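Reader: I should like to learn how the features of a structure are read. May we go through them in turn?

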Amino acid sequence: MKESFFRSMTWLHTWVGLLVCWLLFLIFFAGTISFFKDEITIWAKPETHNVQHQAQRVQSQAEQINYVFAQLQQQAPNSLSWRINLPEPRNPVLSYGFAEPKQPGQRRAPFNYTHLDPNTLEQLPEPRETKGGNFFYRLHFDLHYIDVFTARIIVCLASLFMLVALITGIVIHKRIFKDMFSFRANKGSRSWLDAHNVSSVLALPFHIMITYTGIITLIFMLFPYPAETVYENGLRQMFDEALPINKRAKPSEEQRPMVAIKDVLDQIYTKSPNADISYVFVRNANTASSQIVVYLATGKEVVDNGPRYLFNGVTGELEASSGEDWSASAQFYDSMTALHSGRLAEPLLRWLYFFCGVAGCAMIATGCIMWAKRLRERLKAEQKPSFGLKLVESLNLITLMGLPLATSAFFIANRLLPLELAGRADKEILVFFLTWLAVALSAVSSIEKRHWRYNAWLNAIACFLVPVVNALTTDGNWITYLLTNQWALFGVDSAFICAGVLFLLQSKKIASHKAVINKAKPSKNRVLKEQQG
Amino acid sequence: MHSQSLDAVTTNRPKNTAKKRSVSLSYRVAVFLRFVAAIIGGYAFTSVLISLLAVLLPLNKLDSVLLTTTLSVFFYCCVFIWVFAVKSLKTVWITILLTTGGQLLALSLIKDWL
Amino acid sequence: MMELLQFSLCFLGFNCFALAKFNHFRDVFKKKLTEKQRNSFLASGWISILLSLVLCVLSDAGYGALLFCGYMALSVLMLMILYSFTVSWVKHVSVFTMSILLLSGFSVMIL
């Protein structure tokens, strides 16, 4: 019985992993990149690059909010919603926006944003239209072209498979700590197995955490039933109870002047004198039902949202607050979302998150390559590879090499597409998918080792092109970023340079193994590079 | 799916029918049914289980909902693995249907749905 | 400095675990590992790792625990590369880590 249990677990691990490994690689790849989504968005908007971080960031917030409120009162006194994003350690720009009236047929009212330099309160040039890091963030659970609901269900199912694969993986890998520090290089599928084990074991807590909490972020879509059973009105009522600050006042037509924002801020500063404010929202400005919501930063607490306060917009009275005294269950739930998004992470932890994400990509990639390789090795001399094996090999190349190439293309497109192009943000995304499609088309027939080598070369070139194109089209470049301490920009460029070097190494490695086996043999570094993209 | 690959794992299949090397149709159907049991059966079982727990737990409404929903993935995952660990497919289906039905009955008695 | 201290403790702990394995010990010291040495390596490994965890949790609670997971992953990767490709460096790296550990430990105590 015991023997057959291990057997069925091995079987399950292989199949559950294989069925979704390419999709999982996409999710992990895009997800890992989105740990730096704010930095990427900054990189993608060169118009804001010259903004300096403020020395007294928190202290000048009250003044900034006052100023922006005066601006909004002039520009859009009757808008349904205002939003102010204050500068934060990761993003020095102060921006505010208001909702324009909704046109028929639009799902959401378009938002009109203005960007300011927080040091001088001068308006910055209108940044180019781009999704930036947000594209990768949405891609990792919305899959872009697919309908949002279907996509999320697919992602949930894939994550569930991943969790099953992780657990069965622990079960079957009995000597989990025995070979932890050993890696046998140049031994065919043996080396891939070692690489698979090392990349899984070294970040195992992270892998389990990120997969589990990933499903938790979408859980109310997957399992709304407890809420539906317990509450009369289902999910909506539950959310209203859980987050009273989201309760919207009924829009009213009656015009009433709003309370001075200073009164609202004073209440916050009396509560917590060093409050670090992240956002301010206003709903139904200048009406009888206006509301002001203030979000504070989380600090180093493992919570997804810091304290939030809802004020009556007319009287300035505090109506509700969240995140202050939560029950254990609510905290448990919220900390799971916080762990997944890692919004709280400061640079050191953020890099560790990124590193663990890379390990996750390596784990998935080595898993699919190992599988194809084993089947190859098992083929007898005269035997033709089956259709299934060929399909797996093609898909491996398309996903593992195509995705990083498409990512580089996306970044290059951000700099090269003309600024006045209509629907520019979507065109950038189109470039991403067209590049990927091109890699896919080149890999339909049969995959040989040279395909891997060409793609490694292409990827290396594309990666080096990104900082070069950036230097040619904007004022700054890799070296000036270093000299002026613009770490976000320096980081993005450096990541591409590192990735380029790794792809070069990979192409060398494939070439040197030419004589050994007649099969694609990418170096294990490949996965690392991909990630950096 | 891929005949080659299926063949390669024939020896690893959960049921001890590895005597013949070829992949029979019945084997494929069995695998498919197991996945159906795991994905859909597991989903139904988990949904009913957590709904029942949310009603029964001696916590306030919000807490019991949040707690059970957060744990749902864990239950789902356990059921998924269990489906593949059990030898007989019949046992799997009967157990899932019976337990889900029983819990559903209990839930509807509590909530007065009947 | 605190982060450096936490990381070097974690790294040293896993290094001890690696040395407590017969094959790795033989590769590094060209000697056979005795049972007594093995036990002392294991013990110091556990002490060092737990100390690192305690320091992480004491300084930053949940956030620290997350950091600790990251430290573990990084240490294991570095050790894996060290033991698989450059075994001859292990002694030097261990001495180096020890000195980093002492330095950061002192500076944490003083500040």
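Reader: By about how many helical turns are Arg38(C) and Glu35(C) separated in helix 3 of chain C?

Author: Please bear in mind that this model is predicted. Arg38(C) and Glu35(C) both belong to helix 3 (residues 35-85) of chain C, and because they are three residues apart there, about one helical turn separates them. Their side chains form a salt bridge, at 3.7 Å from N to O. Arg38(C) is partly exposed with a relative accessible area of 26%, and Glu35(C) is likewise partly exposed, at 49%.

Reader: What is the general idea behind such a pair?

Author: Side chains of opposite charge can pair when their charged atoms come close. Over all chains, the count of salt bridges comes to eleven.

Reader: Which parts of chain A does the salt bridge between Arg128(A) and Glu47(A) tie together?

Author: The two side chains meet at 3.3 Å, N to O. Arg128(A) lies in the loop between strand 4 and helix 4 (133-142) of chain A, and Glu47(A) in the loop between helix 2 (37-44) and helix 3 of chain A, so the salt bridge ties together parts that are 81 residues apart in sequence.

Reader: Is Arg128(A) buried or exposed, and what of Glu47(A)?

Author: Buried stands for a relative accessible area under 20%. Arg128(A) has 12% relative accessibility and therefore counts as buried; Glu47(A), at 17%, is buried too. Another pair, Arg256(A) and Glu254(A), forms a salt bridge with its closest N and O atoms 3.7 Å apart. There, Arg256(A) is partly exposed at 36%, and Glu254(A) is partly exposed at 45%.

Reader: Which residues are linked in a network of salt bridges?

Author: Asp38(A), Glu39(A) and Arg90(A) are linked in this way.

Reader: How far from Arg415(A) is the nearest side chain of opposite charge?

Author: That side chain is Asp493(A), 6.5 Å away. A salt bridge requires the nitrogen and the carboxyl oxygen to lie within 4 Å, and Arg415(A), although buried, has no salt bridge. Arg415(A) is found in helix 14 (residues 387-416) of chain A.

Reader: Which side chains make polar contacts with that of Arg415(A)?

Author: The side chain of Asn414(A) joins Arg415(A) in a polar contact of 2.7 Å, and that of Asn470(A) does so at 3.0 Å. Leaving aside residues up to four places away in sequence, Arg415(A) touches several residues, among them Trp43(A), His49(A), Arg128(A) and Thr474(A). Arg128(A) has already appeared here, as the partner of Glu47(A) in a salt bridge.

Reader: Let us turn to the strands. What is the order of the strands in the open sheet of chain A?

Author: A sheet is read by following which strand pairs with which. This open sheet has eight strands in the order 4-3-2-1-5-6-7-8, with antiparallel pairing. At its edges are strand 4 (122-123) and strand 8 (318-322) of chain A, each of which pairs on one side only. Within the sheet, strand 6 (residues 291-296) and strand 7 (residues 308-312) of chain A pair in the antiparallel sense over five bridges. Opposite Ile292(A) stands Phe311(A) in strand 7 of chain A.

Reader: Which strands does helix 3 of chain A lie across?

Author: Helix 3 (residues 61-75) of chain A lies across strand 1 (81-85), strand 2 (94-99), strand 3 (111-117) and strand 5 (277-283) of chain A. The helix runs at about 30° to strand 2 of chain A.

Reader: Finally, which chains have the most contacts between them?

Author: Two pairs of chains touch, and the most contacts are between chains A and B. Chain B and chain C do not touch, their nearest C-alpha atoms being 19 Å apart.

How values were computed:
Residues numbered from 1 in each chain as written. Chains lettered and ligands numbered in written order. Predicted model: local features only at pLDDT ≥ 70, side-chain atom pairs only at ≥ 80, totals over all residues. Heavy atoms only, no water. Pairing = 2+ DSSP bridges. Helix = DSSP H or I, 4+ residues; strand = E, 2+ residues; numbered from the N terminus. Contact = heavy atoms within 4.5 Å. Axes fitted to C-alpha atoms, helices over the stretch in contact; angles between N-to-C directions. Buried < 20%, exposed > 50% of the residue type's maximum accessible area, 1.4 Å probe, protein only. Lys, Arg positive; Asp, Glu negative; His and termini not counted. Polar contact = N/O pair within 3.5 Å; in protein donor to acceptor, adjacent residues only side chain to side chain.
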